[in-house]
Amino acid sequence: MRTSGRARALAAALVVAGLLAGGCSSDPSGAPTASSSDSAAGATPLEPLPAAVPAALAPYYAQRLAWQPCDSGFECTAFRVPLDYDHPGDGDLTLAAARAAAEPAGSGSGSSASPSGAVPPSASQGPRLGSLLLNPGGPGGSAIEYLEAAARTYDRGVRARYDLVGLDPRGVGRSNPVSCLSGDRMDAYTAVGLPPGDQRGIDALIAADKEFAEGCRKQAGAALGHLSTVEGARDMDVLRALLGDEKLNYVGKSYGTFLGATYAGLFPSRVGRLVLDGAMDPALDSVTGNRVQAGGFETAWAAFAKDCAQREDCPLGRTEQQVGEQLTALLAGVRTASLPTSTDGGRRLTGSQATTGVIRAMYADVLWPKLRTALTDAKAGDGTGLLKLSDDYYGRKTDGSYPNLMFANTAVNCLDLPAPFGGPEDVRQAVPEFERVSPHFGRDMAWMALACTYWPVRATGTAHTIRAAGAAPIVVIGTTRDPATPYAWARSLAGQLESGRLLTFDGDGHTAYGRHSTCVDGAVNRFLLTGEAPEQGKRCDR
């Protein structure tokens, strides 16, 4: 997920094979191209840091981790990192991590060793391979929560030879979490009308974005200026050293691919076995990124519409065109008159929440039946299903509170790249191109991207390419109809990385490893256990 603004694509950001001008080439071989956008040609390369640890940082690299039992059989620890790596004496942050210790082969539960013999049985045996850091994306996703949910579903061979480790990045989860608004104010924030229909609507949107930004400034303080991806990658290197690993082994999904690729760019000689699933393209500026992501959701919608039109319970028609036209009409109606729901507090479904609910269901085809039901109910005047999907997108809990995911997402995004727009007039000028690539979502997503315009901290990053010269092979996974991180991005990142290996999953949904394909799982598990990277351009389907 990664978006710049009010929408926070769960774990990532943009999308799909050859959809836009400047997208990936039509080369059927699957070989990576230099970029998914012309912007990469002029992007500054990310330069590696010196290999030797600076003396001022030596105390951080010399800490000793104290692991304590926690959370249903896991172990937890904490360690210090500098608030500002350029001024290590100006204060510290304390970061939280958890681990699932390596399980000897034959113990524990979960998936079988390897599908279809993709990994030799002997690869599941042998000495411990070190730690495998995991990150689920966002930015803002808690790696500790992900570890606790996913650890026992990882391949048994991988769990037998690695300690699985989740590090909550700075500002996220248990690591100095950013907080911005109370639950009721977040309810109001998510309900603000999109796209704004007149100047009053624009004023309301700007006021909501400013309230959000000011809440973050008041509650986060100086830390708000030090939540960038570069700083997060440097934190991972401190943890790598404290874990006793000479090199970093890592599986990152969605935004986690940007974090992992950034690590590789900064520390290429310390790259172990890196898997970047649902890859982002660091060479894209924020305007291009938001626009391409809108196109990605349009591509995912087209796949849903094709499927829906063939099903008896589809409420929007019997052809793809009818499904699209009726969605447009439905969303327009909700923007004009919000719908009642049976949710707590008598909340009503607004147009922006209806759109967010549809977007949420694009992340996984297992949600398509739920979306069909929600759309059926909405046509009958009940917005409950779509509001629940929207709440799920934002992580809203049943007690009305929100996790810090959305807050951290915006904070990191607004630091990593300059704001896409200088104000409402810039958005108006960009809307036609957004709508060209995404007739159903483009206008809304253009206005969503206005949030960083009013951010209280100036961006510290810019678009850049990542070469990671000299790094060990890095596996980059792209799903052809991924709504949030486009296949074009995976091709671009694999092409930028000197040692990138592109692995393609021909399918729907966001990310691939551990979700859809025994082919993908087998290739990744083999790489993690033996170091054998898949051949360049390998393609998988169901």
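# A walk from strand β8 outwards

Start by selecting strand β8 and strand β12 (residues 474–481): the two run parallel and are joined by 4 bridges. Strands count as paired here if DSSP finds at least two bridges between them. Helices (H or I, at least four residues) and strands (E, at least two) are DSSP runs, numbered from the N terminus.

Before going further, a word on what is loaded: this is a predicted model, where local features need pLDDT of at least 70 and side-chain atom pairs count only at pLDDT 80 or more, while totals for chains, interfaces and linings use all residues. Residues are numbered from 1 along each chain as its sequence is written, and side-chain values use heavy atoms, with hydrogens and water left out.

**Stop 1: around β8**

Stay on β8 and pick Leu274. Which residue of β12 is its bridge partner? That is Ile474. Now add strand β7 (residues 248–253), which pairs with β8 in the parallel sense over 5 bridges. Here Tyr250 stands opposite Leu274. Show helix α7 (residues 255–266) as well, and you have a right-handed β-α-β unit made of β7, α7 and β8. Right-handed means that, with the strands pointing away from you, the path from the first strand over the helix to the second runs clockwise.

Is β8 enclosed or open? Of the 7 residues in β8 (residues 271–277), 6 are buried, so the strand is largely enclosed by the rest of the structure. Buried means under 20% relative accessible area, exposed means over 50%, and partly exposed is in between (1.4 Å probe, protein chains only).

**Stop 2: zoom out**

Show the whole chain. You should count 17 helices and 14 strands, and 62% of the 542 residues are buried. Among contacts (heavy atoms within 4.5 Å), take those with a separation of 6 or more: 77% of them are between residues 24 or more positions apart. The chain exposes about 19600 Å², with carbon and sulfur atoms supplying 51% of it; such areas come from the Shrake-Rupley method with a 1.4 Å probe, and for residues only the protein chains shown count as cover.

**Stop 3: aromatic rings**

The structure has 12 aromatic pairs. Rings of Phe, Tyr and Trp (its six-membered ring) pair if their centres lie within 6.5 Å; planes under 30 degrees apart are stacked, over 60 edge-to-face, and the rest tilted.

Select Phe304 and Trp368, an edge-to-face pair with 5.7 Å centre to centre and 85 degrees between the planes. Phe304 sits in helix α8 (residues 286–309) and Trp368 in helix α11 (residues 368–379), so the pair ties together parts that are 64 residues apart in sequence. Phe304 is buried at 0% relative accessible area, and Trp368 is buried at 8%.

Next, try Tyr393 and Tyr394: their ring centres are 5.5 Å apart with planes at 85 degrees, so this pair is edge-to-face. Tyr393 is buried at 2%, and Tyr394 is buried at 3%.

Keep those two tyrosines on screen and add Thr356, found in helix α10 (residues 351–361). Which residues does Thr356 contact, leaving aside neighbours within four places in sequence? They are Ser390, Tyr393, Tyr394 and Met448. Thr356 is itself buried, at 2% relative accessibility.

For one aromatic cluster, select Tyr189, Phe212, Phe407 and Trp455. Then hop to Trp67: the charged end of Arg99 sits over its ring, 4.1 Å from the centre. The criterion is NZ of Lys or CZ of Arg within 6 Å of the ring centre and within 35 degrees of the ring normal.

**Stop 4: backbone oddities**

Most residues other than glycine have a negative phi, and most peptide bonds are trans. Some exceptions are worth a click:

- Gly138 to Pro139 is a cis peptide bond, with omega about -5 degrees; Pro139 is in the loop between β5 (130–135) and α2 (143–150).
- Leu194 to Pro195 is also cis, with omega near -10 degrees; Pro195 is in the loop between α4 (183–191) and α5 (199–220).
- Asn176 has a positive phi, near 50 degrees, and is partly exposed at 35%.
- Ala468 has a positive phi near 50 degrees, lies in the loop between β11 (464–465) and β12, and is buried at 4%.

**Last stop: Arg542**

Finish in the segment after β14 (538–540), where Arg542 is. Is Arg542 buried or exposed? Arg542 is exposed, at 59% relative accessible area. Leaving aside neighbours within four places in sequence, Arg542 contacts Asp365, Phe505 and His516.
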